[in-house]
Amino acid sequence: MIQLRHIERVFMVGEEEVHALRDVSITAEAGEYIAIMGPSGSGKSSLLNILGLLDRPDSGAYELDGTLVSNLDEKQQAAIRMHKIGFVFQFFHLVPRLSAFDNVALPLVLSGVKPDERQTRVSTALAAFGLGNRARHRPDQLSGGQRQRVAIARATIMQPSVILADEPTGNLDRSSGIEVAEILEELNHQGMTLIMVTHDPDMGKRSRRQILMVDGRVEGGKGEDRSP
Amino acid sequence: MLPFDFFRYTLKSVTAQRLRSLLTATGIAIGIGAVVLLTSLGEGLQQFVLAEFTQFGTNLISVNPGKVTTHGISGALISNVRPLTIEDARILKNIPQIIDTVSVVQGNAAIESGGRQRRTTIYGVDASAARVWRFEVAAGRFLPDDPPRAARSFVVLGSKVRRELFGSSQALGARVRIGGELFRVLGTMESKGQMLGFDLDDSVYIPTGKAMALFNRDSLMEINLLHSAGSSSTTVAEQVKKVLVARHGSEDFSITTQEKMLEVLGGVLDTLTFAVGAIGGISLLVGGVGILTIMSIAVNERTGEIGLLRAMGVERNQILALFLGEAVVLAAIGGLAGLGLGVGGSWLCSLLIPALPAHTSWSYAAAAELLAVVVGLLAGVLPARRAAALHPVEALRAE
Amino acid sequence: MRLRDILSFSIRAATANRGRVLLMLLAMAIGVGSVVVFISLGDSARNYVIDQFSSLGTDLLIVLPGRSETTGGPPPLLGETPRDLTLDDAMALSRARTVRRMAPIIAGSAPISVQGLEREMLVLGSSSELFAIRHLALSQGSFLPPGDLSRAESVCVIGLKGKKELFGSGPAIGRWLRIGDRRFRVIGILSSPGVSLGEDLGEIVIIPVAAAQSLFNASSLFRILVEAKNSAVIEPTRQAILEIIRQRHEGEDDITVITQDAVLTTFNRIFQALTLSVTGIAAISLVVAGIMIMNVMLVAVSNRRAEIGLLKAIGASRGQILGLFLAESTLLSTVGAAIGLVVALLGIRLAGILFPQFPLQLAPWSPAIAIAVALISGIAFGVLPAHRAANLEPALALARR
C-alpha cells in the first residue's frame, strides 16, 4: 500500500522557483492500476520520481507498505528501490554494452545473487516475456518493443510490489505499445501495483483509476478512489 | 573563415568543457614544467660549477708530472722518476705571455698552537698564489716573495683553521708548530667556502720550499701558470710544452688549460642537463597521449556538430584545422602554465638553496613552449583527421 | 555485489571504448615502465659497484697516511705527510692478531722501456701478499716471491696489455725491461680482469716494494692494504692498526683507515640518492598519466549519466556506484602498470643482451612498486570521478538523455 500525504516539491530553475508538486496526497492499495495523467509540466514525472524514491519531497510523508520511507537514508532507500519497486521508462534505459540477459540480470548482480541462481531466474524471465532467443542480443540489435520487454523483465526480476512506468509506450509504435501495455496489465493481475504516467488518453482509459495532475496539484480523478 | 573567428571558435570549444580542458592542459603543464625546471637546475649547476672553477681566476694553466692516462689520476702525482722542480717553474716564468707561476706541494699535517692541535691540509705555494688564485687576505698579508730555497718560516691560515686554533684571540704574529717546525702567522684568509667537497678554509699556506722539506720531497705536485689575458691558452700551452720537453728530454708531464677543462666540463654538464630534461620529457609524452585521448573523445561527441558544419559548406581542411587548432591551443595553454610552473619552481629552488642558482635559459623555455605546441599538433593530427574524414550525412545522423 | 561481478562490470565498461582504453593504458605503461627502468638502472649500477668492491674481499682495510679533521669529509687521498708511513710500520701491522695478510703499496708512474720501445705506466711497489689480497690472477709465470720486504729484487710482474705493447706477441717471461734507470726481469704476466676500481690492471707493472722505494727515491708508502682474518673482526683490526701506528708515531693519530664497510655505505648512499632523484623525475609522468585517467573517467561519468541513474533506480546504492567507478579506474591503472612492467622487463632483457658487460636486471621490488603505484593512482585519481558519479541525482540523470 502506498500513502502520500501533503507532498511538496520545489525546484530552482535558474533564478525562478518552480512548484512541481503542491500538497499532493494519494493513497493506492496493493494491486491497484493507476494512470497519472495531465499535460506536460503538470508534475506527473516529479510525482513518479517521489514514488520511486528517486527524489525526496521538500515536505510531506510517504509511506510504503506501512514503512515511512521518505525519512530513510540513502542506503535504505536504495534497498527499497531494489526489492520493492520496479521501473519502466519511456526510453528503456538499457545499458547499451550489455546483452539482454545481462541487462535483466543487473538487479540480481547488484544485490549479490549467485551466478547459477541468476542464470535460472533470468532465463525464466526472458522466456516468460518471449525473449528466449534474444538473450545474447545487445539493445541496438532489438526492436523497440523487444527493448521495452527486456526493461520490464529487468523491472520485475526482483519481484517488486510496485511497478512505476513512465510513458512506457511513448516511444513505441501502436501495436508494440498495446503489447507492452498488456504485459504490464498481466503483471498487475498477478498482484503488482501498477502506476503509469501517460499523456495518452487511450492508455489512461485502460486503467481502473486515473489521477489528473494540473500545475502540480491533483485536480481530480476517475474510477475507484479508495482514499479516505 | 577569418583567423580571428577561427581562433574564437577553437577557444570556445576549449572553454566549453572547462574541467576537461583544464585537466588536459595540466598534463602538458606538468610535463613542460618538469622539463623547464630540470633544465634550469642543470643550467644553474653549470653556472655554479663554472663559478667554482673560475673563482681561482681565469687564464690558468696547470702542469702536472706524468702523462695523464685514461684512468683518472696519474700515478705520477704520487711518485715519479722524472720530477717537476722549482727550477722548471722558474724557467717557465721566462715565457713572455706568462705573468706568474705557482709551485704547489700539498699534504696533510697537524698544526699546533698553544694546547690546540688540528690536522689540516698544508699547501706549499709561492707568494704569487694570492694573485694567481685570487685569494683575499682578511688580516695581515700573504707569504713574502722569498727565494724558494731560502724561504722564511711564515704561514698564512685559512679562516676555519684560524677559528679552530685561535678562536677570538689574535692570530697574527703568533707562532704555530707544523710537523716539528715553528712558523709565524703572517696573515689569515677570507673564507672561500667549499669547492667540490674540499673545505678550502680548512687549510694553511706555507712557502713551497718549506713544504718540500716538511714532506721530505724534492719535486712539485703541480705548477700553476697565469698567462696574460690577451694570449691564447693553446699557444701558451704549446710553448710550455716545448720548454719542458727541452729540459726533461721527453713529454713526462701533462698540461691542462683551464679553458680546455671548462670546455670538457661544460660538455659533460650539457649532456647531463639534456639527459635530465629528457627524463622529464617522458611526462610531456604522457601529456601528449592525454591530448590525443581527449581530442578523440571530442571528435566522437561532436560528430553531429561536424556534420552540421560540413552541411553548411565547411571544407574538410577547415574541419582538420579546427580540431588541430583546438589541440594546439590546449597544449599551448598547458605549455604556458608549465613555463610558469618551471620558472617559479626554479626561482623557489634558488631561494631555498642559494648555493645552486637555478637559471632558466630562455632558449630552453622557448624550446619548451615550441615543444608543447608540437606535442599538441602531433596529438591532434589523428583525431582531427578522423573528424575531417567523417561523412556529413552520417555525422548528422549521429545527432 | 560480488567482487567478480564488480570486476566484470568494470572491465566491460572500460573496454566499451577500445581506442580510449588503449591510450590510457599506454599513458600508464609509459609512466610505470620508465619508473621501473630507472629504478632498475640505479639498482643495477649500485650492485655493479658493490660487486666490484666485494670482489676485493669484504675483509679489506686500507691504511693511508694523513688524517683530516672533519669527520665525514673526504679522506686525504693524495698528498704528503710530515711523518711517512714506512715499511717498518707495515711490517708492524702484520703482527696484529686479527690480521691475515698485509701488502704495502707504493705507486708511481715511470717510463718503461724495452729495446727502444717506451711506455709510461703505473708502477706498483708491493709484496707477494698483494696477489691474494687483490684476488689477482696470472696468465703466465709467477707473482713476486715471498720473503723479506726490504730486499729489492729486480723482478717484475706485468699487465697483459702492457706486455703486448712492449713485447708484442713474443715471449716476455725471463726477458728484461727498464723502469726508469733500473733493469727488471719479467717473472709473471697478469691475466687481465680489465679495469678494477679505476685502475687499469692491463697497463701496470708490479715490483717489490723495496725496489720501488729506491726507484722513486721515497721511503713513504702510498697505502697499506690489510686483510682481516674474517669480516667479524674488521673493527677490532681497525682499532689495532690505529693503536700500533699511534705507538710507533709517538702517540700521534696521523693515519686514516678506510674499511670496506664505510666505503660501501658511502656508495650505497650516493646511488640511492641518485636512483631516487632520477626515479622521482620519471615518476612525474605517473602523475600526468593519473590526471589523464581522471580526465577520461570524468568524461565517462558524464557520458554515462543515464546508466548511473538507471543503476540507482534499480537499487544501486551510492557506495556501489562509487565502488564500480573506482574499480574501473583502478583496473585501468593496474593493467597499464602491468604492461609497463612487462615492457620494462623486456627492455632490460634487451639491454642485457646488447650490453652484456653491464649486468642489468629488474630491481626485485619493482613489481611491488608498480602495483602500489597503480593502486594508489587508480584510487587517488578515480575518487573525483567516482564521487561525481555517486552523487548524481538519479531523477536528473535519467531525465536528460
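This is a short dialogue on reading the chain contacts in a predicted model.

Biologist: Which pairs of chains should I look at, and which shares the most contacts?

Modeller: Begin with who touches whom. Here 2 pairs of chains are in contact, and chains B and C share the most contacts of these. Chain A and chain B have no contact, and their closest C-alpha atoms lie 14 Å apart.

Biologist: How many residues does each side bring to the contact of chain A and chain C?

Modeller: Chain A gives 25 residues and chain C gives 25 residues. Area is read next: the two chains bury about 2,400 Å² between them, with 64% of it on carbon and sulfur atoms. On the chain A side, His93(A), Arg97(A) and Leu110(A) account for 30% of the area that chain A buries against chain C, more than any other three residues.

Biologist: How many salt bridges cross the interface of chain A and chain C?

Modeller: The rule finds 3. One of them joins Arg118(A) to Asp5(C), with the closest N and O atoms 2.6 Å apart. For polar contacts, the count between chain A and chain C is 8 residue pairs, both residues being at pLDDT 80 or more.

Biologist: Which helices of chain A each supply at least two residues to the side that touches chain C?

Modeller: Helix 2 (74-84), helix 3 (100-110) and helix 4 (115-128) of chain A each do so.

Biologist: How do the residues on that side of chain A divide into nonpolar, polar and charged?

Modeller: The side of chain A that touches chain C has 14 nonpolar, 3 polar and 8 charged residues.

Notes
Residues are numbered from 1 along each chain as its sequence is written. Chains are lettered from A and ligands numbered from 1 in the order in which they are written. This is a predicted model: local features need pLDDT of at least 70, side-chain atom pairs count only at pLDDT 80 or more; totals for chains, interfaces and linings use all residues. Side-chain values use heavy atoms; hydrogens and water are left out. Contact means heavy atoms within 4.5 Å. Buried area is the accessible area (1.4 Å probe) that two parts lose on being put together, summed over both. A salt bridge is a side-chain nitrogen of Lys or Arg within 4 Å of a carboxyl oxygen of Asp or Glu. A polar contact is a pair of N or O atoms within 3.5 Å; within protein, one must be able to donate a hydrogen and the other to accept it, and residues adjacent in sequence count only if both atoms are side-chain atoms. Helices (H or I, at least four residues) and strands (E, at least two) are DSSP runs, numbered from the N terminus. Ala, Val, Leu, Ile, Met, Phe, Trp, Tyr, Cys and Pro count as nonpolar, Asp, Glu, Lys and Arg as charged, and the others, Gly among them, as polar.
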